[in-house]
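I opened my notebook to look up a few things here, starting with a sheet and ending at the surface. Come along if you like.

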Amino acid sequence: MDTVPERDAIDAQYRWDLTSIYVDADAWEAAVARVPPLIEAVAAGEGEVDSSGERLLEILEARERMGRQLEQLGSYALLRAAEDTRDQSAQAMKARIAQIRTEAATAGSYLRPELIALEDATLAGFIEAVPALERYDHYLHAVRRLAAHTCSREVESVLAGLGDVMGGTAEVFSLLTNADMRFPEVSDPSGSAVEITQGNFGRLQRDPDRPFRRRVYEAFYGEWEGVRNALGAALRTSVTEDVRMAETRGYDSALAAALDPEAIPTTVYTTLIETVEDRVDALHAHLELKAAALDLDTLRPWDLYVSIGPGDPPTMDYDTACEHIIAAVAPLGSSYQTAVAAGLEDRWVDVYETRGKRSGAFSAGTYDTEPFILMNWQEDLASMFTLAHELGHSMHSQLANEAQPWHDADYSIFTAEVASTVNETLLLRHLLATHEAPRFRLHLLNEFLERVRSTLFRQTLFATFEQQIHEVVETGEGLTPDRCDDIYGALKERYYAPVDLDAQIRTEWMRIPHFYYNFYVYQYATGISAAMAIVDAIEAEGEPAAAAYREALALGGSAFPVEVLATAGVDVTASGFIQTAIDSYGDAVETAHAALQEL
């Protein structure tokens, strides 16, 4: 029986080493005890922001000390809870730090209103008198530009006090789908029982046996029906929270409220949707290629993840994948390559799927910790590309942390998704350049096509769904599970016109965690498009383009995302970089079609 092991069955070298954050839970508890004075020091600044430059600097430095300590505490709790979502002690740690963060946010909630209230001349005088304030230039600008959307001190305090409640539906979704839900077992082609999990569902959907894929698909989606009403209520609550917060801050829409803090025009979002929907024929061509490669008259939803490469999909063990990734990032410079290798050696990565482990993958760390990576390794090409993706995030953090002070190091998700997909794109091109076997190359081309399909087209579909469900709530209509089915189903029919879709795929929205992240998913689509443009430039220009890209990563959050990507040579306010990405996708479809004809 193919079962998921317990954590202690995995060799330590394939588990992340959290002792670099805290030796154990007792050390974490001791660090928690040191937080109250830090919060008090920040709270003591209330009403004193305008007193002098020296006092303003003291308040900002107190905020940093508090913030860094809370980040480190939160990181440890998050990672411990992700190891095993069934671990109640870890969940309790996570809940405690959420409450403490709320207390800290309340204590410092005066800062934004008081900074905004400063006269320009007063602030300029403070900076002239205390030059150390100059290093806060971007932070101060970012706060003060949102003056029209910052509430009174009293309202900001109330909003800060809701910090451990806001966003709670994402936690409900995570616990329900990772800890509480158990998916059934199905018989594989040999007759053995296979347990379906969130982590292995994608791998099982790539199995060459079509009846088995269908059994997995139907069993998996059938299980979601049992939590339909709960997840419908959770998503409605999450969307309503976004809408109400936008209204409270005086925005015309939840979309504007989500994008404005990073100075991203809403036209970036709408242009993405318009551009991709105008070119959805490229996705249709890929789907038609897949049907031909699989010798199917009609594609069904359980056929979408199967490789166009002939024979069984290639397997990929973790250690070999690491070697490929290290080699692939060489065009980014020796220092970048060496840091990637060191991170893999130093146990940044928690590699294998284990019982109760959070599904998916992520990179998470702080200014004062390593950028740890959660994986659920499935011995396939997709896992290798996911690892390259997360290492892109980790290296972005490393470069930004080395170059920027704490308050400017944290970067936008918008730029983060560029860093991750640059690594993916480099890996694909490296493997195509170093492997000549036609069958393996077809599987690599398949991986590229699937990455673009799932990251550019699928995430844009998600972004459209997210925009539409927010508009339902904004217009006062009821967002019910049936309404979500209708919206999502219509989008699937438009994007996946060549596929014979069934009723179950209309409910796919129930299993997507990113819908709880407030207009998050579009950044995957813009990210992969920008990344492909950056890699094209590096291949054409060499080190100058690579240096510009490293410079962009090192900017961290010291500039807004549009400026950061302009440093790397990409204008994300226009549609050209998306068009170019879709052109490359279309070219790869034609290349794969020709390769299939030659077999």
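Here are my entries, in the order I made them.

Entry one, the sheet. I am working with a predicted model. I looked for strand order first and found an open sheet of 3 strands, arranged β3-β5-β4 with mixed pairing. The edge strands are β3 (349-352) and β4 (362-364), each of which pairs on one side only. I also checked the twist: neighbouring strands are turned by 15 degrees against each other on average, direction ignored.

Entry two, the pairings. β3 and β5 (residues 372-377) run parallel and are joined by 3 bridges. I noted that Val-349 has Ile-373 of β5 as its bridge partner, and that Tyr-352 stands opposite Trp-377 in β5. On the β4 side, the pairing with β5 is antiparallel, again over 3 bridges. There, Phe-362 has Leu-374 of β5 as its bridge partner.

Entry three, the strand β5. Is β5 buried or exposed? I found 6 of its 6 residues buried, so β5 is largely enclosed by the rest of the structure. Phe-372, Leu-374 and Asn-376 point one way from β5, while Ile-373, Met-375 and Trp-377 point the other way.

Entry four, the surface. I then turned to a nonpolar surface patch of about 260 Å², made by Val-158, Leu-162 and Val-165. Where does Val-165 lie? I placed Val-165 in the loop between α8 (153-161) and α9 (168-180). Its relative accessible area is 53%, which is over the 50% cut-off, so I wrote Val-165 down as exposed.

Notes:
Residues are numbered from 1 along each chain as its sequence is written. This is a predicted model: local features need pLDDT of at least 70, side-chain atom pairs count only at pLDDT 80 or more; totals for chains, interfaces and linings use all residues. Side-chain values use heavy atoms; hydrogens and water are left out. Two strands pair if DSSP finds at least two bridges between them. Helices (H or I, at least four residues) and strands (E, at least two) are DSSP runs, numbered from the N terminus. Axes are lines fitted to C-alpha atoms, for helices over the stretch in contact, and angles run from 0 to 180 degrees between N-to-C directions. Patches are made of residues with over 30% relative accessible area and no salt bridge: like charges are joined within 9 Å, nonpolar side chains (Val, Leu, Ile, Met, Phe, Trp, Tyr) within 5 Å. Accessible areas come from the Shrake-Rupley method with a 1.4 Å probe; for residues, only the protein chains shown count as cover. A salt bridge is a side-chain nitrogen of Lys or Arg within 4 Å of a carboxyl oxygen of Asp or Glu. Buried means under 20% relative accessible area, exposed over 50%, partly exposed in between (1.4 Å probe, protein chains only).
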